[in-house]
Amino acid sequence: MIDESRLKPGMTEINVKEAWVDLMGPGVAKYTRAIHLRAQVLEVKLDSSVLREELSFGKEKIVRLINEHLGKKVIKDLRLF
């Protein structure tokens, strides 16, 4: 039913948000202020510039881990703000 309705994009974004928290852990989740999925680009707003810089070095790995966690290619890129 979800696949056939307009709920799918919203459900996908919810699944991505849950995957972010599960994979990044409570430490990163604590500094995460907003997560949006737009046109296969995951946009994450972080409160810590140090954390943002540190995560930027592993962007490709984070994208791969989230896609593997979801079981399909949902994200092509990651933007950290």
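**View 1. Glu-13 and Lys-17 form a salt bridge in this predicted model.** Let's start with the pair itself: the closest N and O atoms of Glu-13 and Lys-17 are 3.8 Å apart. Both residues sit in helix α1, and because they are 4 residues apart there, about one helical turn separates them. Their surroundings are worth a look too. Glu-13 counts as buried, with a relative accessibility of 19%, which falls under the 20% cut-off. Lys-17 is partly exposed, its relative accessible area being 34%.

**View 2. Helix α1 packs on the sheet.** Stepping back from the Glu-13 and Lys-17 pair, you can follow helix α1 over residues 8-31. This helix touches β1, β2 and β3, and its direction makes about 150° with that of β1.

**View 3. Three strands, β1, β2 and β3, make up an open sheet.** The strands come in the order β1-β2-β3, with mixed pairing. At the edges lie β1 (32-38) and β3 (77-80), each of which pairs on one side only. From one strand to the next, the twist averages 15°.

**View 4. Strands β2 and β3 pair in the parallel sense.** Here β2, made of residues 41-46, is joined to β3 over 4 bridges. If you would like a residue to anchor your eye, try Val-44: its bridge partner in β3 is Leu-80.

**View 5. Arg-38 and Glu-43 form a salt bridge.** How far apart are the closest N and O atoms of this pair? They are 2.4 Å apart. Arg-38 is partly exposed, with a relative accessible area of 45%, whereas Glu-43, at 15% relative accessibility, counts as buried. Do keep Arg-79 in the frame as well: Arg-38, Glu-43 and Arg-79 are linked in a network of salt bridges.

**View 6. Glu-68 and Arg-64 form a salt bridge in helix α3.** The closest N and O atoms of this pair are 3.7 Å apart. Helix α3 covers residues 59-70, and within this helix Glu-68 and Arg-64 lie 4 residues apart, about one turn. Is Glu-68 buried or exposed? Glu-68 counts as exposed, because its relative accessibility is 52% and the cut-off for exposed is over 50%. Arg-64 is partly exposed, with 43% relative accessible area. For the wider tally, the structure holds 5 salt bridges, including the Glu-68 and Arg-64 pair shown here.

Notes
Residues are numbered from 1 along each chain as its sequence is written. This is a predicted model: local features need pLDDT of at least 70, side-chain atom pairs count only at pLDDT 80 or more; totals for chains, interfaces and linings use all residues. Side-chain values use heavy atoms; hydrogens and water are left out. Two strands pair if DSSP finds at least two bridges between them. Helices (H or I, at least four residues) and strands (E, at least two) are DSSP runs, numbered from the N terminus. Axes are lines fitted to C-alpha atoms, for helices over the stretch in contact, and angles run from 0 to 180 degrees between N-to-C directions. Contact means heavy atoms within 4.5 Å. A salt bridge is a side-chain nitrogen of Lys or Arg within 4 Å of a carboxyl oxygen of Asp or Glu. Buried means under 20% relative accessible area, exposed over 50%, partly exposed in between (1.4 Å probe, protein chains only).
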